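These are my notebook entries on a single protein chain. I set out to look up its charged contacts, its unusual backbone angles and its aromatic contacts.

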Amino acid sequence: MTYQFAEVTLLDPETSTPIDTQVFLEPNGGAPQEWPVLFDPAVIDLWLDTPQRVTVLALLPGGSTLTRTGVDVSPAPAATVRTEAPLHIGSAEGLSSQAVLAVSPDGSAVWQSLDVLRDHRHEGDSPDSTVLGMLDLQDIYPGQTWLGPAISGEQGPDAAAMGYQAHPGGAEATAVGRAAGAGARGTALGADSSAGAEATALGANSSAGHQEQVVAGRNTSAAAGPPGAVVLGAQLNAEALASVRTPGVRVYEDGRVVLGQGVLPDMSWADEAYTAILGSAVVPKFFGARNDATMAGRAQTLGFFGASGQTVPLLSTSSVAVGTPGRDALLSLMSALDRMELIHLTDGAIDDELADFTKSFAHNANAVIETGADNGTKPGETSLVKRNAAGPATLTYRIANGIRDFRSRVFVWSTTGSPASPTTELVADVSPDNTTWTRVPLSWQPLIPTTDSWNQCWAANQNPLPAGTQYLRLTLDNNPAIFTPMIGRVIVRPIGDPVLTTTVLANPSRLQVSDNTGVLATLTVGAKTVAMRGPQRTFTESKRPFTDPFDRTTSDGWGVSPEGGTWSHANGADTDYSVSGGLGRILVTDVNASRHTSLVDNVTDVDARLSWSLSAMPTGNASSLGLSFGYTSSTSHYRARMSVLTSGSVQLALECQTSGGTTTLGALTTIGTGYVVGDVWHIRAQRTGTSLRCRAWKDGTAEPSTWTHQVSDATLGAGRVGLRALASTGSTAVPFTFNVHDVQVYSGTWPDPPSVTHTTWVRTLAQPFSGTWTPALAAQILAWGADTSADALAFAMRYITGAPVITSPGLGGAQVAGQAKYGPDAADGTRIEGADFHDYMARDWTFPNGETLAANPAEPLCMDCSGYVRMVYGYNMGIPMVRTANLNGTNLPRMTKDIGPSGPGIIVAQATNAPPSLTSLQIGDVPHFDADTSDLVAGQMDHNGIYLGLDNHGVPRFINSRKTPNGPTFGDLGGTSTLTGEGLYATSLRIIRRF
């Protein structure tokens with residue numbers, strides 16, 4: 001039976017009560033081991049500082065116990081070398097016990113338990129001091145640290161002592177170990193070690209008596225040497241040695257250090273300077289090494305490599321649980337050891353075991369996680385990433401504060417015993433912005449056989465990474481045997497929290513926060529919104545598909561098509577174009593006099609359809625109606641023209657009209673017969689690049705699967721979608737009407753779609769920025785720097801054309817995102833204003849100030865301009881909303897006329913009867929317009945939006961919900977969405993507010 005831990009208590013045989021030694025033992029990572037976990041399952045190796053007969057009680061998981069009575073515990077054997085710095089090994093009572101690691105000459109190692117610390121205090125009696133020990137020391141100086149019982153010494157500022165009777169002898173002295181002593185600014189580590197002022201002694205009974213002497217090794221002394229002498233090795237007493245080679249300690253001139261017995265494996269893959277520990281050493285579980293472990297690597301990247309190729313980062317501050325007595329002191333010690341390069345902290349690192357893709361920033365579709373042996377019989381294929389047959393797999397990782405280094409464990413499967421090297425199958429690229437990539441060379445560890453025909457090794461960056469590196473992309477591989485190699489683990493480590501600097505800016509009052517790569521954030525006094533630097537994004541918008549069903553009434557033109565734009569006609573009187581009874585009507589009063597109407601919105605590629613019928617049969621000559629595309633004028637357009645002859649035959653032609661005349665691209669082709677008044681026919685035309693095609697069919701029959709005409713022509717460029725009506729010369733049917741039942745655009749491509757690219761993300765603080773920079777703000781800015789969750793701009797894009805539907809379980813499944821409309825249609829086809837954010841969700845709403853409003857049943861999925869701004873900044877970003885009460889400069893009102901002058905945050909620019917300066921404009925600001933000249937109140941704000949940034953032409957572009965495009969847009973349908981130029985919104989801009 002195996003156990004994951006055992007808590008060992010030593011009992012007094014006479015009283016059966018615990019003596020002051022209690023040990024909590026755990027295996028050192030990996031699978032559970034048999035109890036006891038350290039050595040022979042039948043033996044507990046344990047020593048006390050004094051001989052004593054005890055009863056050993058072991059508490060096992062599940063409440064079972066094992067007891068051994070009459071156990072004589074003696075001091076450690078004389079032949080055993082004990083480390084002198086006691087280590088806490090996880091007792092259930094915090095710092096209730098200690099242990100040291102004893103290493104025998106044969107290389108074996110055991111834990112030895114020490115006396116318990118009976119009393120401890122978290123803080124000393126002076127500022128910045130820490131005391132953990134038995135004595136109530138009253139003479140603690142500022143900055144001192146005391147850990148251990150019976151510590152004494154000359155008390156000096158910034159002195160430190162750890163261990164029983166440790167004795168620092170003056171200011172800035174450090175003594176670690178039983179009875180260790182150090183003079184001012186001296187360091188003594190090890191039992192009975194001593195160091196004079198400004199000297200260093202490491203090892204049991206070591207002695208450095210003069211300034212700047214360095215002594216390392218048991219029973220080693222530099223007493224006979226001059227100041228500056230260096231002595232390395234056990235049982236030595238010498239003046240100065242350049243290097244020492246003794247059993248178990250090998251120091252090389254190139255910086256390599258080997259400790260312990262055993263054969264050093266091939267370390268050619270490592271850096272020139274490394275430290276290796278060999279032998280059957282057992283270390284605390286948070287170090288993650290195993291028996292027979294090898295530790296190797298640069299001081300900055302020290303890592304453990306077990307015999308099976310396992311590796312984990314050395315240490316994390318999360319190893320010390322919150323609430324542990326003395327935690328602050330332990331973390332300070334860990335930080336100091338990290339600075340001394342004795343350990344390496346991995347806080348903030350990405351350690352991806354590849355059980356899934358949650359820890360990666362991105363991956364391509366070719367990356368597949370193995371969950372079992374699905375490529376033949378290869379056991380162990382779990383939590384490994386491979387490529388599929390489609391091509392190389394990529395894994396991308398991101399650390400916003402910067403990547404220091406990385407390593408990846410690579411697995412190769414082979415039954416031949418000579419697996420192919422994977423060095424050409426894995427490549428690494430790094431980038432500062434996820435756009436510009438640089439290939440970096442890798443340093444490879446030799447392949448090590450593991451189990452089930454698997455071999456593994458580690459690959460790491462060979463050289464320091466370029467400054468500003470935030471992204472790592474691993475690409476695997478070009479191997480046609482797609483099951484090998486595979487990646488089993490990736491460790492990406494940060495450069496650490498950047499140093500933040502601040503700069504005060506004026507007009508408006510702002511604080512600019514910078515890190516080592518540039519401006520990171522801009523905070524505005526009085527505002528909640530913060531402009532953050534983040535990964536580069538591109539925002540773009542596509543034309544919205546639409547159908548115009550003509551369910552409105554107009555008498556002098558076709559008015560506004562829902563989502564399609566405004567109809568504009570050419571030739572004939574205005575009254576020749578009307579809408580009534582669900583039909584768009586074109587009255588023809590003259591022969592050979594064409595009538596044209598088109599939607600004011602240019603497109604290149606297009607897929608469109610119209611349905612139409614005649615009010616009277618053709619007599620004298622044919623009547624024809626064409627679906628126009630690429631239309632710029634009555635003499636410049638393509639058309640799929642359908643002609644009804646006097647015989648009732650129906651024909652289709654494809655033509656190109658220019659100022660020079662008509663070019664037939666597809667001749668008139670009969671596609672039907674027997675036309676009678678009231679028959680409805682459909683015409684469909686497509687344009688993709690230079691490819692043009694068309695077909696037509698009678699209503700009630702299936703749309704043909706082939707095209708009547710299909711040609712290539714590049715004569716005309718972008719243009720509108722529209723119609724062209726004509727009664728041919730000789731017609732005696734005039735006057736009559738072409739009835740258009742609907743016009744549908746399945747898709748269309750704008751010739752210059754709006755596009756905004758930048759690295760700005762917009763976040764909101766819980767409270768307006770007061771102007772005071774605090775540690776809490778610094779922590780928030782650093783967190784946002786690594787945050788890629790949705791910000792204000794991402795939320796704004798969740799309602800444009802094609803945005804996917806998102807529902808909220810917390811709101812009963814209500815839709816909270818997805819393509820939105822402006823409002824319901826009025827009788828004349830225009831959109832009705834008034835839809836708020838909760839109308840979009842079809843949810844009644846109660847506001848924080850107690851105001852309530854029911855959702856309008858006619859306005860689901862609708863938001864007017866201010867409703868859209870409130871959806872983004874109120875519902876999604878958390879700025880408190882009201883309707884018409886409590887307009888206090890903090891809440892977000894319902895009406896645009898109130899948001900502009902009285903909304904949350906500050907006004908950064910304002911003017912009367914003219915646009916204000918854009919000098920202070922910042923992405924995420926809310927521009928307000930006086931665009932409706934019919935307002936009864938002069939100067940009243942009637943439209944607003946959200947500033948999105950400079951577009952691909954360098955023009956400031958904003959996103960807003962408006963009537964003609966019928967919803968949120970930053971395109972130019974129905975008016976340009978720009979803040980400069982001669983357009984309606986550029987000229988009517990009056991207020992810019994920063995929430």
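**Entry 1: an aromatic cluster**

I note first that the model is a predicted one. I began with tyrosine 875, which is partly exposed because its relative accessible area is 26%. I then looked up its partner, tryptophan 845, which is buried, with a relative accessible area of 18%; the cut-off for buried is under 20%. Phe837, Trp845, Phe847 and Tyr875 form one aromatic cluster.

**Entry 2: aromatic pairs**

I recorded a count of 18 aromatic pairs. One of them joins tyrosine 799 and tyrosine 868, with 6.3 Å between the ring centres and 85 degrees between the planes, and is edge-to-face. Tyrosine 799 lies in the loop between helix 3 and strand 60, while tyrosine 868 belongs to helix 5, so this pair ties together parts 69 residues apart in sequence. I found both tyrosine 799 and tyrosine 868 to be buried. For tryptophan 845 and tyrosine 875, the ring centres are 6.2 Å apart and the planes stand at 75 degrees, so I entered this pair as edge-to-face. Tryptophan 845 is in strand 62 and tyrosine 875 in helix 5, so parts 30 residues apart in sequence are tied together.

**Entry 3: salt bridges**

I recorded a count of 30 salt bridges. In one of them, arginine 493 meets aspartate 405 at 2.7 Å, N to O. This pair links distant parts of the chain, as arginine 493 is in strand 38 and aspartate 405 in strand 31, 88 residues apart. Arginine 493 and aspartate 405 are both buried.

I next looked up arginine 544, which forms a salt bridge with glutamate 563; their closest N and O atoms are 3.7 Å apart. Here the contact runs from the loop between strand 42 and strand 43 to the loop between strand 44 and strand 45, with the two residues 19 apart in the chain. Both arginine 544 and glutamate 563 are buried.

**Entry 4: a salt-bridge network**

Which residue meets arginine 684 in a salt bridge? I found glutamate 703, at 3.0 Å from N to O. Arginine 684 sits in strand 54, and glutamate 703 in the loop between strand 55 and strand 56. Arginine 684 is buried at 12% relative accessible area, whereas glutamate 703 counts as partly exposed at 30%. Shared partners join Asp607, Arg684, Arg695 and Glu703 into one network.

**Entry 5: charges over rings**

Arg695 also appears in another contact: arginine 695 lies over the face of tryptophan 707, at 3.7 Å from the ring centre. I noted a second case, in which arginine 473 lies over the face of tryptophan 437, 4.2 Å from the ring centre.

**Entry 6: the backbone**

Most peptide bonds are trans, and most residues other than glycine have a negative phi. I looked for exceptions. The bond from leucine 476 to aspartate 477 is cis, with omega near -5 degrees; aspartate 477 lies in the loop between strand 37 and strand 38. Valine 734 and proline 735 are also joined by a cis peptide bond, with omega about -5 degrees. Proline 735 lies in the loop between strand 57 and strand 58.

Asparagine 886 has a positive phi of about 55 degrees and is found in the loop between helix 5 and helix 6. For asparagine 966, phi is near 60 degrees, and the residue is in the loop between strand 68 and strand 69.

Is each asparagine buried or partly exposed? Asparagine 886 is partly exposed, with a relative accessible area of 44%, but asparagine 966 is buried, at 4%.

Technical notes:
Residues are numbered from 1 along each chain as its sequence is written. This is a predicted model: local features need pLDDT of at least 70, side-chain atom pairs count only at pLDDT 80 or more; totals for chains, interfaces and linings use all residues. Side-chain values use heavy atoms; hydrogens and water are left out. A salt bridge is a side-chain nitrogen of Lys or Arg within 4 Å of a carboxyl oxygen of Asp or Glu. Helices (H or I, at least four residues) and strands (E, at least two) are DSSP runs, numbered from the N terminus. Buried means under 20% relative accessible area, exposed over 50%, partly exposed in between (1.4 Å probe, protein chains only). Rings of Phe, Tyr and Trp (its six-membered ring) pair if their centres lie within 6.5 Å; planes under 30 degrees apart count as stacked, over 60 as edge-to-face and the rest as tilted. A charge sits over a ring if NZ of Lys or CZ of Arg is within 6 Å of the ring centre and within 35 degrees of the ring normal.
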